[in-house]
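Welcome! Here is a short guided report for anyone meeting this protein for the first time.

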Amino acid sequence: MLDTILIIGCGNMGGAMLAGWLAGGIAPSRFTVVDPVLAEAPRGVTLLRELPKGARFDVVMLGVKPQMLAEVAPTIAPLIGSDTTLLSILAGAELATLATLFPAAGARVRIMPNLSAAIGRSPIALATQAIDADRQAEVTALMDPLGTPEWIPEDQFDVVTALAGSGPAFVYRFIDALAAGAAALGLDAGQAQRLALATVEGASLLAAASEHSPGELARRVASPGGTTQAGLDVLDADSALARLAQDTLKAAADRNAEMAKATRA
Ligand SMILES: NC(=O)C1=CN([C@@H]2O[C@H](COP(=O)(O)OP(=O)(O)OC[C@H]3O[C@@H](n4cnc5c(N)ncnc54)[C@H](O)[C@@H]3O)[C@@H](O)[C@H]2O)C=CC1
Ligand SMILES: O=C(O)[C@@H]1CCC=N1
């Protein structure tokens, strides 16, 4: 059973996952957080400034910056034994690196969530090696309150990190760009922001709930010869948006591969 959970590094992403677990009804008493900077932990969660000595946890989740892994790993390794499931959300930290740094772990799982874990709506990509089926099912169950867990081959982690991990930032830029474009055309800036956000929220929810693909939904918005088609023609000219999206994802995926190289132990 994955009852007790130690989170090492509870910043933006670790904090979002903790918030999602608590909102999903998991008892706060199951969580211990180690973070030297975090001002306070949610009620009922134990907050430590240093790693506990001699304690054992069913799950140890790494939530520090990837650049810190080599420095902190030797102090974390004594906490990890064959009864420990090691989870890592570190972009670019490969399973082979985790195996070198934490050889005693009973299981090691690489995870790529995003900040929507806080509201239980994150894609959760997972990769592992040589895990027994029961423990894998327990990890999936632990991730369920955070969104939609999907096990994927590790060699797809660069692109999945770009899409699912970094993706919210790209969507936020798109919202801002829509709002700025509308403001430039004369709409009040605050109103433009509200309308842009509500439009993206409604469109996403409808796409998620609909039996139709996003492409078909776009077709349904666009009356032939109407306003939408005039706008789509700009996005589609020379595949402008598609190329921009691909270039954006490629830059993020390439950076993830570089970070993996730099993090390799
Ligand atoms: N921010 C995001 O949307 C996503 C981040 N990630 C990954 O999550 C990890 C953390 O990223 P963020 O939360 O954005 O960074 P962050 O800087 O917000 O969080 C890192 C936390 O680690 C703490 N910390 C520093 N030294 C420590 C130590 N020695 N022991 C324990 N805690 C320590 C810091 O006080 C901070 O709260 C990274 O490895 C990143 O690749 C993965 C997916 C999405
Ligand atoms: O920007 C980063 O490196 C992390 C990984 C995915 C989202 N944030």
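The text below moves from the whole protein to its sheet, its ligands and a few single residues.

## The whole protein

Keep in mind that this is a predicted model. The protein holds 10 helices and 8 strands. Along its principal axes, the C-alpha trace spans about 70 × 35 × 35 Å. Of the 265 residues, 31% count as buried. If you look at contacts with a separation of 6 or more, 65% of them come from residues 24 or more positions apart.

One part of the chain carries an annotation. An unreviewed UniProt entry places the feature "domain: Pyrroline-5-carboxylate reductase catalytic N-terminal" at residues 5-92. This span is 23% helix and 22% strand, and its end C-alpha atoms lie 22 Å apart.

## The sheet

In what order do the 8 strands of the open sheet come? Reading across, the order is β3-β2-β1-β4-β5-β6-β7-β8, and the pairing is mixed. The edges are taken by β3 (46-48) and β8 (147-151); each has a single partner strand, so one side of each is left without a neighbour in the sheet. From one strand to the next, the twist averages 20 degrees.

Now follow the sheet towards the β8 edge. Strand β5 (residues 85-88) pairs with β6 in the parallel sense, over 4 bridges. Within this pairing, L87 has V109 in β6 as its bridge partner. Further along, β7 (residues 122-128) and β8 run parallel and are joined by 5 bridges. Here L126 stands opposite W151 in β8.

Strand β6 deserves a closer look. It is mostly covered, with 6 of its 6 residues buried. A107, V109 and I111 point one way from β6, while R108, R110 and M112 point the other way, and all are buried. V109 therefore combines two roles in this picture: a buried residue of β6 by the cut-off of 20 or more other C-beta atoms within 10 Å, and the bridge partner of L87. A helix also meets this part of the sheet: α5 (residues 157-165) lies across β6 (107-112) and β7, running at about 45 degrees to β6.

## The ligands

Two ligands can be compared by what surrounds them. Around ligand 1 there are 26 residues, and the closest are G9, G11, M13, V37 and A91. Which helix gives the most to this shell? Helix α1 (residues 12-23) does, with 3 residues. The shell around ligand 1 divides into 17 nonpolar, 7 polar and 2 charged residues.

Ligand 2 is surrounded by A91, T161, G165 and S166. Its shell divides into 1 nonpolar residue, 3 polar and no charged. A91 thus appears in the lists for both ligands.

## Residues in loops and near the chain end

Several single residues outside the sheet are worth finding in the view. Are they buried or exposed? The table gives the computed neighbour counts.

| Residue | Place | C-beta neighbours within 10 Å | Class |
|---|---|---|---|
| E50 | loop between β3 and β4 (59-62) | 8 | exposed |
| D238 | loop between α9 (227-236) and α10 | 7 | exposed |
| S239 | loop between α9 and α10 | 11 | exposed |
| R264 | segment after α10 (240-263) | 13 | partly exposed |

Why does S239 count as exposed? It has 11 other C-beta atoms within 10 Å, and a residue is exposed if that number is 12 or fewer. R264, with 13 such neighbours, counts as partly exposed.

D238 and S239 also have backbone angles to notice. Phi of D238 is near 55 degrees, a positive value in a residue other than glycine. S239, which is not a glycine either, has a positive phi of about 50 degrees.

Two distances show how sequence and space can be set side by side. E50 and A96 are 46 residues apart in sequence, and their C-alpha atoms are 26 Å apart in space. R264 and T97 are 167 residues apart along the chain, yet their C-alpha atoms are separated by 5.4 Å. Which residues does R264 touch, not counting those up to four places away in sequence? The answer is E94 and T97.

How values were computed
Residues numbered from 1 in each chain as written. Chains lettered and ligands numbered in written order. Predicted model: local features only at pLDDT ≥ 70, side-chain atom pairs only at ≥ 80, totals over all residues. Pairing = 2+ DSSP bridges. Axes fitted to C-alpha atoms, helices over the stretch in contact; angles between N-to-C directions. Contact = placed C-beta atoms within 7 Å. Near = placed C-beta within 6 Å. Nonpolar A, V, L, I, M, F, W, Y, C, P; charged D, E, K, R; others polar. UniProt positions renumbered as here; feature names shortened; annotations may be inferred.
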